[in-house]
Amino acid sequence: MFKKVKESPLNYWEKSSYLLAIPEKEEEDLLKDSLERVAMIPGVEIKEKQLHAEKSLVTLRLVYENEEYEVGFYPGGVSVPEYYLNKNFYFSEEERKNLLKAHTSLTIYMKFHEDAKKSFHFQLKLAKALVPDLIGLLDESAEKMLPAKWVFMTAESKVPPNPKSLFTVQAVADKNNKVWLHTHGLCRCGIPELEILESDQENYQNHYNLITAYAMYLLDKKGDFDSFDKGVYIGHLINNHPVVVTSRLWTEGIKQYKHLKLGNLKDRQEGHNTKTNIIFLYKSEEDEKKGILSKVSIYDELWGENPLFFFSDEETERMKKLAYERFDCVKKAGENKENSVLLKIGLPLEEKGKFEHIWFELLEIKKDKLKAKLTQEPYDVSHMHTGDIGWYTKKDVTDWLIYTKDFVVSPDNVYLLENSNNK
């Protein structure tokens with residue numbers, strides 16, 4: 001059955017990142033003044049430019065923050081799949097209507113460098129500059145839509161975007177309660193797409209969190225890993241048992257599934273047959289030494305209500321910078337008694353420079369001081385317990401959530417506050 005299994009070549013949207021910028025006015029010339037707009041991006045130097053008139057294509061060699069990029073863009077058509085509007089981001093009814101009837105776009109494509117988050121951030125800046133009346137950005141590589149307000153907000157920030165914005169995790173279900181989870185968007189980052197086979201309706205959310213945590217780990221490693229054979233400790237279960245993840249290219253990993261109904265060879269004839277890795281677990285150090293793989297489903301009885309997945313130090317620092325940059329939103333939201341706010345605060349551990357990041361309820365803001373109540377039992381801070389109240393500063397905060405009557409707002413989606421205020 002598996003003798004003829006072969007990896008297919010990468011598709012164009014996997015080799016490079018493809019974003020389709022959709023303008024408000026479809027009749028405008030999308031290439032007009034495009035070079036001038038690119039040149040106005042702070043920190044950008046145009047080293048070489050070519051206009052391919054017969055293709056209405058512009059290609060540029062740019063330097064941005066001491067790195068050189070090859071970028072191309074061209075006008076064309078677009079048809080937004082409705083299900084793209086149901087992933088990760090909120091769109092108002094007016095935004096949905098305008099995007100679904102759109103027919104014109106400017107495709108912007110480029111190869112990512114080793115730091116995919118930095119490359120994606122730059123591509124968002126390009127989209128903002130090239131299409132100032134943007135109403136949405138179709139991410140062809142990740143198969144999703146990005147709201148214009150989010151694109152503008154992220155492009156203007158000094159902080160790179162959330163790594164989760166670089167990929168999507170799709171769930172395909174069958175009539176037998178089985179779920180096939182797989183990513184889109186990682187190949188452009190120089191990382192194989194990831195998938196989990198034989199998930200199910202009861203456990204796919206925990207599996208979704210696992211695949212997301214592993215993808216974020218790989219993005220932060222920036223290709224700096226020895227082999228996918230080695231295990232990665234990305235979290236632990238309710239009994240503190242470590243979750244150690246590994247993966248194998250699908251052509252090898254699929255051999256572990258003898259009677260696969262969903263995600264089998266037939267399902268891969270048109271896609272999910274290039275560079276994609278199936279996720280497995282190592283149950284012990286001995287299994288890792290011997291290369292004994294276990295399916296993700298072995299822990300389905302042990303996830304509990306609050307399995308812990310780790311963030312890298314790099315991601316924690318990114319989140320902290322963004323939470324700090326946009327903390328004024330917390331102050332404004334706190335003035336509305338209908339809102340409630342949670343703060344994630346870093347509690348120092350015995351090991352110098354290490355912290356446990358845990359959620360508190362914001363009770364009061366007094367100048368630069370924050371009064372907050374601990375909402376959960378810490379894992380590693382024995383002298384603090386649920387319900388403890390203390391005073392902290394903005395610099396202690398690594399993340400926050402604002403609960404309004406309409407949305408849950410984080411530093412990544414503060415544009416939702418504008419939507420809420422306009423209702």
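**Entry 1: β12 and its partners**

I began with the pairing of strand β12 and strand β13 (residues 276-282), which run antiparallel and share 6 bridges. This is a predicted model, so I read everything below as a prediction. To fix the register I looked up a facing pair, and found Thr246 opposite Phe280 in β13.

Next I turned to the other neighbour. Strand β11 (residues 232-236) also pairs with β12 in the antiparallel sense, here over 4 bridges. On this side, Pro242 in β12 is the residue that His236 stands opposite.

Which residue in the turn between β11 and β12 has a positive phi? I found that Asn240 does, at about 65 degrees, in a hairpin that leaves 5 residues between the two strands.

I then checked how covered β12 is. The strand spans residues 242-249, and 6 of its 8 residues are buried.

**Entry 2: Glu356**

I moved on to Glu356, which I located in strand β16 (residues 355-366). Is this residue buried or exposed? Glu356 turned out to be buried, and it has no salt bridge. I looked for the nearest side chain of opposite charge and came to Lys344, 10 Å away.

What lies 2.7 Å from a polar atom of the Glu356 side chain? My answer is the backbone nitrogen of Asp380.

Last, I listed the contacts of Glu356, leaving aside neighbours within four places in sequence. Ile345, Gly346, Leu347 and Leu349 are among them. The list also includes Pro378, Tyr379, Asp380 and Val381. Asp380 thus comes up twice in my notes: in this contact list, and through its backbone nitrogen.

Notes:
Residues numbered from 1 in each chain as written. Predicted model: local features only at pLDDT ≥ 70, side-chain atom pairs only at ≥ 80, totals over all residues. Heavy atoms only, no water. Buried < 20%, exposed > 50% of the residue type's maximum accessible area, 1.4 Å probe, protein only. Pairing = 2+ DSSP bridges. Lys, Arg positive; Asp, Glu negative; His and termini not counted. Salt bridge = Lys/Arg side-chain N within 4 Å of Asp/Glu carboxyl O. Polar contact = N/O pair within 3.5 Å; in protein donor to acceptor, adjacent residues only side chain to side chain. Contact = heavy atoms within 4.5 Å.
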